[in-house]
Amino acid sequence: MSTTTRRAVPFEGSSLAQVTADLKEEIRELYTADEVPWVIGYSGGKDSTATLQLVWLALQELPAEQRTKTVYVISTDTLVENPVVASWVSQSLETMRQAAVEQQLPIEPNRLTPKVQDTFWVNLIGRGYPAPRPKFRWCTERMKIRPSNTFIRKVVRRHGEAILVLGIRKQESQARARAMAKHEKRRVQERLSPNGNLPNSLVYSPIEDWSNDEVWTFLMQQPNPWGHPNKDLLTMYQSATEDQECPLVVDDSTPSCGDSRFGCWTCTLVDQDKSMAAMVNSGEEMVWMAPLLKLRDKLDVSGEEEHKLRDFRKMNGSIQLFGERIVHGPYTQKAREDWLRQLLEAQTRVRADAPEYVRGIELITTEELHEIRRLWVFEKHEVEDSLPRIYKEETGEDFPGRPLDEHLALGAGEIELLREVCDGDDLLFTTARELLEVERKFRTMTRRSGLFEALEKTVKRGFFEDKADAHTYALKKKQLNEEIADRLPLIEDEDSADAPA
């Protein structure tokens, strides 16, 4: 919940010039106090922009001989960021890189991305993970935390320590305020707090006490030192606000647009993507993003409709119950293929309608498509290798990858024959297909250790007649386990009675 408490007087009565001067002096003192490198988190939003501007301005005023250590600017692109924001950040990083060289500042911008096996589409379409939910929030750790933490750990290994400079503020939320208050008590210096997740790193948050409106006051009155206009940032926030207003602070009744939130356009952890919806509804200029909003809403399916898209077995083939009902597993093959079709269709439409600066947008990268294909064929044993065909049908272009038929047990024609023999029994078809693929895999090995275990695992996955049969089996197994658990104390008592005195 946002806490947007307003101050009657901005900056507690001090002038913007005085507050800025004091913070720049503080930054210079901390920067020159040691040889520990700095890492600034930059998302392209207002808070991280204001923080980076303060550091940039402070370093500009240092003599060249005192600019002795690198300031790493890191921006994590999840590859499913709001396209407008992603384009803004990419352009800003490039402008920043050129300006740092020209101004002889030791500032090094870095765009970070998750490893291909950790991306959103590889996990959702490739592995079949259901769209993220609060109780299964698999995305944040893989897509945002790992890339930044990996970079920071490399800096720490190289230099022994690192100072993280973050645009976090107490007024962002009550949870943020509580967390920052907790870390304040453990500060090793007046403004440096320990980082609980990364050893040998400290956190510096120069604008931690600023309000939303104070951030905007600074950004609108202080020119961006690397030359990426802050008025464009303001326009981006305006378009993501339903009333399209994001005014400057003129008095204590002036509304703020500081609650505009940008993030992944695929996010299903919120009820509605208000920022993208506002952008799409703001005028013809942003209407090209409508296919993304439509696909995001389709991902946000729940209840019985979602169950139809998911396997009744977990990823390892087991049947799991919650009370009396089945806990569904990954998306089925058909659902994953449908998600890929819809994604490629959305990409084609966006490329046709988008403005020039995002005309070549990739909603899914070629590297991700190759990894999804590998997962489908070699880990899920979907040897019909349907991805190239889907790609061709949805884009009109040949998939940029070689055929895999020569590596598979069955070709496309044989797969269709197997499907015909199974006479519409999808469970029988997938089980037979997997058994053939397991045999093919072990056929090429010098030693076939593990073959029987793999075959047994496949049979166990597919020996049910259907979902109802699996449900009945799981309920009986649960009942049997409960009966055994109830009898154990009696058996133990009988054993004790029979034991010799």
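What follows is a short chat about side-chain pairs, burial and surface in this predicted model.

User: Before we start, what pLDDT do local features and side-chain atom pairs need here?

Analyst: The model is predicted, and totals for chains, interfaces and linings use all residues, while local features need pLDDT of at least 70 and side-chain atom pairs count only at pLDDT 80 or more. Residues are numbered from 1 along each chain as its sequence is written, and side-chain values use heavy atoms, with hydrogens and water left out.

User: How many aromatic pairs does a search of the whole structure find?

Analyst: Rings of Phe, Tyr and Trp (its six-membered ring) pair if their centres lie within 6.5 Å; planes under 30 degrees apart count as stacked, over 60 as edge-to-face and the rest as tilted. Searching the whole structure that way gives a count of aromatic pairs of 15.

User: What kind of pair do Tyr42 and Trp226 make?

Analyst: A pair of aromatic rings is described by the distance of the centres and the angle of the planes. For Tyr42 and Trp226 the centres are 6.3 Å apart and the planes sit at 85°, so the pair is edge-to-face.

User: How far apart in sequence are the parts that Tyr42 and Trp226 tie together?

Analyst: Helices (H or I, at least four residues) and strands (E, at least two) are DSSP runs, numbered from the N terminus. Tyr42 is in the loop between β1 (38-41) and α2 (46-60), and Trp226 is in the loop between α7 (212-221) and α8 (230-239). So the pair ties together parts whose separation in sequence is 184 residues.

User: Is Tyr42 buried or exposed?

Analyst: Buried means under 20% relative accessible area, exposed over 50%, and partly exposed in between (1.4 Å probe, protein chains only). Its partner Trp226 has a relative accessible area of 3% and is buried. Tyr42 has a relative accessible area of 3%, so it is buried.

User: What about Trp121 and Trp265: is the pair stacked, edge-to-face or tilted?

Analyst: Their ring centres are 6.0 Å apart with the planes at 50°, so they don't fit the other two classes. The pair links distant parts of the chain, with Trp121 in helix α4 (residues 120-127) and Trp265 in the loop between α8 and α9 (274-280), 144 residues apart. Trp121 is buried at 1% relative accessibility, and Trp265 is buried at 2%. The pair is tilted.

User: Which residues form one aromatic cluster with Trp121 and Trp265?

Analyst: Both Trp121 and Trp265 belong to one aromatic cluster. Their fellow members are Phe120, Tyr129, Phe136 and Trp138.

User: Which ring does the charged end of Arg419 sit over?

Analyst: A charge sits over a ring if NZ of Lys or CZ of Arg is within 6 Å of the ring centre and within 35 degrees of the ring normal. Arg313 does this over the face of Phe312, at 5.2 Å from the ring centre. For Arg419, the charged end is 4.1 Å from the centre of the ring of Phe429.

User: Leaving aside neighbours within four places in sequence, which residues is Leu375 in contact with?

Analyst: Leu375 is found in helix α13 (residues 366-379) and counts as buried at 2% relative accessibility. Its C-alpha atom is 5.9 Å from that of Gly126, though the two residues are 249 apart along the chain. With contact meaning heavy atoms within 4.5 Å, the partners of Leu375 are Val122, Gly126, Arg127 and Lys380.

User: How far apart are the closest N and O atoms of Glu382 and Arg336?

Analyst: A salt bridge is a side-chain nitrogen of Lys or Arg within 4 Å of a carboxyl oxygen of Asp or Glu, and the structure holds 31 of them. This one links Glu382, in the loop between α13 and α14 (387-395), to Arg336 in helix α12 (residues 333-353), 46 residues apart. Glu382 is buried at 5% relative accessible area, and Arg336 is buried at 3%. The closest N and O atoms are separated by 2.4 Å.

User: Which helix holds both Arg97 and Glu94?

Analyst: These two form a salt bridge with closest N and O atoms 3.7 Å apart. Being three residues apart, they are separated by about one helical turn. They lie in helix α3 (residues 83-102).
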